[in-house]
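Let's walk through this structure together, starting with how its parts touch and ending with what sits inside. Keep the 3D view open as you read.

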Amino acid sequence: MYAVVQVRGVVNTRRDIKETLKMLRLHHINHCVLVPETPEYLGMIRKAKDFIAFGEVDAATLATILTTRGRLTGNKPLTEEYVKTATSFGSIADFAAALVNGEIRMKDVPELKPVLRMHPPRKGYKTTKRTYTQGGALGYYGTEINDLLIKMR
């Protein structure tokens with residue numbers, strides 16, 4: 001499972017890239033979505049790689065993010081009690097582990113919003129004009145996306 005975060009805005013960009021970000025449900029900077037590792041999603045990620053940061057998320061980080069930034073309809077926070085009543089999982093950590101393993105999807109939980117509105121990272125992005133391998137904030141992070149997500153919680 002990939003965590004995808006929009007890092008740059010889309011003013012003066014090509015229409016196909018804007019549409020790709022729209023299909024990924026990334027409408028604003030610092031929004032995060034979780035997508036499976038399918039060829040279709042990988043193609044969309046490659047198309048928008050100059051505007052997003054992405055990498056493999058682990059269960060512990062995902063549990064932290066869902067606890068702090070997970071929202072239900074009506075902008076209510078995601079709680080342990082709701083996860084227990086709406087799903088067969090006993091806690092948010094169990095739900096996050098099943099989500100990472102692909103056993104369940106976010107849309108299988110009723111009223112759970114698919115987009116996580118993140119805080120800007122503490123100490124900021126390095127630069128939003130270079131890739132991660134060049135010392136910037138764009139592109140593929142690998143498992144180090146977890147560090148970025150923790151800074152953004």
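When we say that one part touches or covers another, we're talking about contact, which means heavy atoms within 4.5 Å. Keep in mind too that this is a predicted model.

Let's begin with helix α3, residues 59–69. Its buried residues are Thr61, Leu62, Ala63, Ile65 and Leu66. An α-helix has 3.6 residues a turn, so residues three or four places apart point the same way. Look at Leu62 and Leu66 in that light; both are on the buried list. And what covers the buried residues of α3? The cover includes β2 (31–35), α5 (92–101), β6 (115–117) and α6 (145–151).

Two of those covering elements, β2 and β6, take us to the sheet. Here 5 strands form an open sheet with mixed pairing, and reading across you get β6-β2-β1-β3-β7. The edges are β6 and β7, each of which pairs on one side only.

Now zoom in on β3, residues 52–56. Why is this strand described as largely enclosed by the rest of the structure? Because 5 of its 5 residues are buried. On one side, β3 pairs with β1 (residues 2–6) in the antiparallel sense, over 5 bridges. You can pick out the partners: valine 4 is opposite phenylalanine 54, while valine 5 bridges to alanine 53. β3 also pairs with β7 (residues 139–140), this time in the parallel sense and over 2 bridges. Phenylalanine 54 turns up again there, with tyrosine 140 as its bridge partner in β7. Lying across β1, β2 and β3 is helix α2 (residues 39–47), which runs at about 30° to β1.

That leaves the nonpolar interior. The largest nonpolar core has 35 residues, and the members touching the most others are Leu34, Leu66, Leu78, Phe95, Leu99 and Leu149. Each of β1, β2, α3, α4 (80–86), α5 and α6 supplies at least two residues to this core, and α5 gives the most, with 5. Try clicking on leucine 99: setting aside its neighbours within four places in sequence, it contacts Met1, Leu34, Leu62, Leu66, Ile104, Arg105 and Met106. Leu62 and Leu66 are two of the buried residues of α3 that we started with.

Apart from this core lies another, with 14 residues, including Met44, Phe51, Ile52 and Phe54. So phenylalanine 54, which we met opposite valine 4, is also a member of that second core.

Methods. Residues numbered from 1 in each chain as written. Predicted model: local features only at pLDDT ≥ 70, side-chain atom pairs only at ≥ 80, totals over all residues. Heavy atoms only, no water. Buried < 20%, exposed > 50% of the residue type's maximum accessible area, 1.4 Å probe, protein only. Helix = DSSP H or I, 4+ residues; strand = E, 2+ residues; numbered from the N terminus. Pairing = 2+ DSSP bridges. Core = buried A, V, L, I, M, F, W, Y, C linked by side-chain atoms within 4.5 Å. Axes fitted to C-alpha atoms, helices over the stretch in contact; angles between N-to-C directions.
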